Amino acid sequence: MVTKINLALQGGGAHGAFTWGVLDRLLDDETIEVAGISGTSAGALNGAAYKAGWLRGGREGARETLNELWNRMGAVNDMRLPGWMAGPFTAMEKFFTPPTRDVATLMEYAPPFVAASMLDQVTSPYYYGPLYRNPLESVVEGFDYDSVCSAEGPRLFVCATNVRTGKVRIFTKDEITTDAILASACLPSLFQAVEIDDPKTGRREAYWDGGYSGNPALFPLFEPDLPDDVVIVNINPLERDEVPFTPQQIENRVNEISFNSSLLRELRAIAFVQRLIGAGQVKKGAMKNVLVHMIADDDLMRELSVATKMVPNPVILQSLKLAGQKAADQFLADHHASLGKASTIDLQAMLN
């Protein structure tokens, strides 16, 4: 028997390689079929690769397309630096492969990254003028958009934030373009805002990273024809015991908190509806009883840093993929039987 689920894929820069591993493992399980995907930033890239590959060649096609995506991501230099500055750092990495925590610390305090972080405080991506080019553009252009936008296969939703209004915009079907995915991954300190026509306003609107308004947005997955189960692949730790004290650590934690806030708001709404349904205060079928699940490895993510998000280091990418596979294995071992039947996250405990 096949169980259909929805996937909610968080953004988090190069840490999205964790989701790569999760998806790779889910593709092994032929009793699970993905019906809907909501993705933000790296989650949008993973979602587009999954869907395009699925339509091209089923499970194996999705796996191959995800591998191609992250191989291309591994070839991208530090997104804060021009290639000539990132080169020495990239060459230095090739001589050794210490533990993940040590690699993350090395990257965080490496002179090129520190210099780039300082430069961020006094420069804007608009200062590059005609020399500016989004480093992710060559990666995102590689998707087969006929497949990404197809009515067949998993329904895909891509989240971005309208700069003018601060509201979320969901791109789906033929609205999903190279620009839509770049908008979803547009951190304003690194990239120029992506401008896209909005048929609702009749204006050409500027967009920033979807994480500010939905990381990822869950509400598109509440459609009546989609399954009840929403499996969130979380790559931004909800909690950290240690108070950050370096500029890099503070920046990283600020991003984690802000990018988790929209998710927590939607989870609170789901918890409220679950209470109403459980108390019999709403008519059966009037509101969707969303079953929430989560795959994460907060211990690993707490070892990483803002540098490992910005620099797609091949060593870190492979570590994240393996961690994602392991986390998905554990999730399936513990909760496979609950899919389609009950939530496996205690939302009340998580939110209180």
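The following paragraphs describe the confidence, strand pairing, salt bridges, aromatic pairs and backbone geometry of a predicted model.

The mean pLDDT of the protein chain is 88, and 87% of its residues reach 70 or more. Residues 80-98 depart from this level, with a pLDDT below 50; in the model this stretch nevertheless has 27 contacts beyond near neighbours in sequence. Where pLDDT is low, the predicted coordinates should not be read in detail.

Strand E1, comprising residues 3-9, takes part in two strand pairings. With E2 the pairing is parallel and extends over seven bridges, and Ala8 has Ser38 of E2 as its bridge partner. With E7 the pairing is likewise parallel, over four bridges; here Asn6 stands opposite Val230. Six of the seven residues of E1 are buried, so the strand is largely enclosed by the rest of the structure. Together with H1 and E2, strand E1 also makes a right-handed β-α-β unit.

The structure holds 16 salt bridges. Side chains of opposite charge can pair when their charged atoms come close. In the bridge between Arg63 and Asp28, the closest N and O atoms are 2.5 Å apart. This pair links distant parts of the chain, as Arg63 belongs to helix H2 (residues 42-73) and Asp28 to the loop between helix H1 (17-26) and strand E2 (32-40), with their positions 35 residues apart in sequence. The two partners differ in their surroundings: Arg63 is buried, with a relative accessible area of 13%, whereas Asp28 is partly exposed at 47%. Both residues also belong to a network of salt bridges that links Asp24, Asp28, Glu60 and Arg63.

A further salt bridge joins Glu205 to Arg164, the closest N and O atoms lying 2.8 Å apart. Glu205 is located in strand E6 (residues 203-209) and Arg164 in the loop between strand E3 (155-162) and strand E4 (168-172); the pair therefore links distant parts of the chain, 41 residues apart. Glu205 is buried, at 2% relative accessibility, while Arg164 is partly exposed, at 45%. In the salt bridge formed by the side chains of Glu68 and Arg56, the N to O distance is 3.7 Å. Here Glu68 is partly exposed, with a relative accessibility of 34%, and Arg56 is also partly exposed, with a value of 49%.

Five aromatic pairs are present in the structure. One of these, Tyr50 with Trp54, is stacked, with 6.0 Å from centre to centre and 10° between the planes. Because Tyr50 and Trp54 are four residues apart in helix H2, about one helical turn separates them. Both residues are buried. In the pair of Tyr212 and Phe259, the ring centres are 5.0 Å apart and the planes stand at 85°, so the arrangement is edge-to-face. Tyr212 lies in the loop between E6 and E7, and Phe259 in helix H9 (residues 247-278); the pair therefore ties together parts of the chain that are 47 residues apart in sequence. Of these two residues, Tyr212 is partly exposed, with a relative accessible area of 33%, and Phe259 is buried, at 8%.

Backbone geometry was examined at three positions in loops. Most residues other than glycine have a negative phi, and most peptide bonds are trans. Ser41, in the loop between E2 and H2, has a positive phi near 55° although it is not a glycine. At 8% relative accessibility, Ser41 is buried. Lys173, in the loop between E4 and helix H8 (178-184), also has a positive phi, of about 55°. In contrast to the buried Ser41, Lys173 is exposed, with a relative accessibility of 54%. The peptide bond from Asn215 to Pro216 is cis, with omega near -10°. Pro216 is found in the loop between E6 and strand E7 (229-233).

Terms used. Residues numbered from 1 in each chain as written. Predicted model: local features only at pLDDT ≥ 70, side-chain atom pairs only at ≥ 80, totals over all residues. Heavy atoms only, no water. Salt bridge = Lys/Arg side-chain N within 4 Å of Asp/Glu carboxyl O. Buried < 20%, exposed > 50% of the residue type's maximum accessible area, 1.4 Å probe, protein only. Pairing = 2+ DSSP bridges. Right-handed = clockwise from strand over helix to strand, strands pointing away. pLDDT = per-residue confidence, 0-100. Contact = heavy atoms within 4.5 Å. Phe/Tyr/Trp six-rings, centres within 6.5 Å; stacked < 30°, edge-to-face > 60°.
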